[in-house]
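Visitor: Could you take me on a close look at one part of this protein? I would enjoy seeing how two helices pack, residue by residue, and then what lies beyond them.

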Amino acid sequence: MPLPPTFVTGFHYEDQVKRMEYRQLGGTHMIVSKLSIGGGTLCNGLFGDLNFDEARETVHEAFKRGINYIDTAPFYGIFVGESETNVGRILKDIPRQAYYIATKTCRYDRTGPNRFDFSYERTILSINESLSRLGVDYIDLYQLHDVEFADNIDEVINGAFRACLELKKSGKIRAIGINGYPLKVLQEGLIKGEGKFDTVLTYARYLMTDDSLLEYLPFFEDQKVGVINAALTGCGLLTNRATPTWHSASKELKAIVDEASRICCENNVELGKLATYHCLHIPNNTVATFLVGMEKMEYLNHNMSAYLDGLTDKEAGIYELLMKTVFIRVRDEHKHWEGVEVNNYRLQRNKQ
């Protein structure tokens with residue numbers, strides 16, 4: 001593959017960069033690596049304790065190998081901005097030309113009344129907080145985070161989205177995105193945005209257990225937005241490790257995944273690698289980049305292996321076994337966990 005605009009002589013491993021595929025992210029200025037880094041694991045609280053030094057080494061290695069896109073958010077961590085702060089510390093020793101940075105607005109605290117704020121005023125304040133934490137002069141992509149938690153999409157469009165349009169004119173951000181879990185809400189947001197959104201980020205909607213995203217990709221393509229597919233392991237569901245306690249998947253789905261994880265462990269195969277491989281082979285070229293957490297070198301290695309080398313014969317056999325005999329048992333009503341977190345949030349809010 002040709003060298004991307006983010007290539008920096010003396011920093012990158014040129015031979016490995018040439019093995020990475022790069023795709024245009026919609027109509028933006030970004031030509032992004034097919035595999036990219038999610039910042040949800042670059043903090044404490046969401047996916048366990050973080051070893052910062054190991055995370056820093058891993059992200060540096062990932063960028064040297066050709067990954068050039070990293071995504072974070074104020075929400076990630078045990079306190080507001082923890083992931084952004086860590087990402088800023090990690091990126092300070094990497095040439096600015098070598099990466100694109102994406103962050104978000106609208107979702108902040110883990111608990112309490114200030115978890116979400118879709119207002120114009122809070123978004124203007126949020127961008128300055130993010131720039132400071134990340135240690136950069138501009139954000140490549142600024143995204144409206146989990147818009148399904150707003151009372152209605154008009155609240156988002158008239159508040160935070162309006163602020164983003166002004167921030168883009170000012171040069172503090174280069175592109176505007178929308179993200180969330182319910183695909184129908186993302187569709188509505190793009191329509192209300194009247195062609196002014198540059199990207200859409202969808203997460204955990206094309207997995208070994210759920211192919212919901214396929215129905216919406218033609219619409220996203222018609223909208224001419226760059227598509228980012230995140231959470232390739234379903235937010236920590238599809239790995240050999242224990243599912244996070246906060247995960248909203250049904251008991252039925254978790255039980256089936258536990259069975260798959262047990263089979264993988266017995267055969268010394270990493271379920272997370274199979275999940276990454278599955279996502280990367282989505283039957284559509286609309287997706288520009290695939291976002292996955294890689295805070296440990298072992299995760300970087302198995303994700304890069306899934307992308308560059310595919311599966312070994314043994315892994316391929318386990319993959320086929322799981323798809324044909326285990327995951328095929330997932331019923332439609334358990335394929336996703338849409339609405340669970342939103343409904344809980346609104347019930348709690350109404351009690352306050």
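Guide: Gladly; we will begin with one helix pair, follow a cysteine out of that contact, and then visit a loop residue and a second helix pair. Please keep in mind that this is a predicted model.

Two packed helices are described by the angle between their axes and the distance between the axes. For helix H4 (residues 120-134) and helix H5 (residues 153-170), the axes come within 7 Å and cross at roughly 45°. That angle falls neither under 35 degrees nor in the range 65 to 115, so H4 and H5 are oblique to each other. Their crossing is right-handed. On the H4 side, the contact is made by Tyr 120, Thr 123, Ile 124 and Ile 127. H5 brings Gly 159, Ala 160, Arg 162, Ala 163, Cys 164, Glu 166 and Leu 167. Sorted by character, the residues of this contact are 7 nonpolar, 2 polar and 2 charged.

One of the H5 residues in that list, Cys 164, deserves a second look. With 0% relative accessibility, Cys 164 counts as buried. By the sulfur distance rule, the model has 0 disulfides. Cys 164 is accordingly in no disulfide, and the nearest cysteine sulfur, that of Cys 106, is 6.9 Å away. Cys 265 tells a similar story about bonding: the closest cysteine sulfur, in Cys 264, is 7.0 Å from its own, which is too far for a bond because a disulfide needs the sulfur atoms within 2.5 Å. As for accessibility, Cys 265 counts as partly exposed, at 43%.

H4 also leads us to a loop. Thr 72 sits between strand E4 (69-71) and helix H3 (82-91), and Thr 72 is buried, with a relative accessible area of 0%. Setting aside neighbours within four places in sequence, Thr 72 touches Gly 39, Ser 83, Glu 84, Val 87, Ile 101, Ala 102, Thr 103, Lys 104 and Leu 134.

Finally, here is the second helix pair. Helix H9 (residues 271-280) and helix H10 (residues 297-308) pack at about 40°, with their axes 9 Å apart. H9 and H10 are therefore oblique to each other, and H9 passes H10 in a right-handed crossing. From H9, the residues Gly 272, Lys 273, Thr 276, Tyr 277 and Leu 280 meet His 302, Asn 303, Ser 305, Ala 306 and Tyr 307 in H10. The make-up of this contact is 4 nonpolar, 5 polar and 1 charged.

Key: Residues are numbered from 1 along each chain as its sequence is written. This is a predicted model: local features need pLDDT of at least 70, side-chain atom pairs count only at pLDDT 80 or more; totals for chains, interfaces and linings use all residues. Side-chain values use heavy atoms; hydrogens and water are left out. Axes are lines fitted to C-alpha atoms, for helices over the stretch in contact, and angles run from 0 to 180 degrees between N-to-C directions. Helices (H or I, at least four residues) and strands (E, at least two) are DSSP runs, numbered from the N terminus. Angles under 35 degrees count as roughly parallel, over 145 as roughly antiparallel, 65 to 115 as roughly perpendicular and the rest as oblique. A crossing is left-handed if the near helix is turned anticlockwise from the far one by less than a right angle, and right-handed if clockwise. Contact means heavy atoms within 4.5 Å. Ala, Val, Leu, Ile, Met, Phe, Trp, Tyr, Cys and Pro count as nonpolar, Asp, Glu, Lys and Arg as charged, and the others, Gly among them, as polar. Buried means under 20% relative accessible area, exposed over 50%, partly exposed in between (1.4 Å probe, protein chains only).
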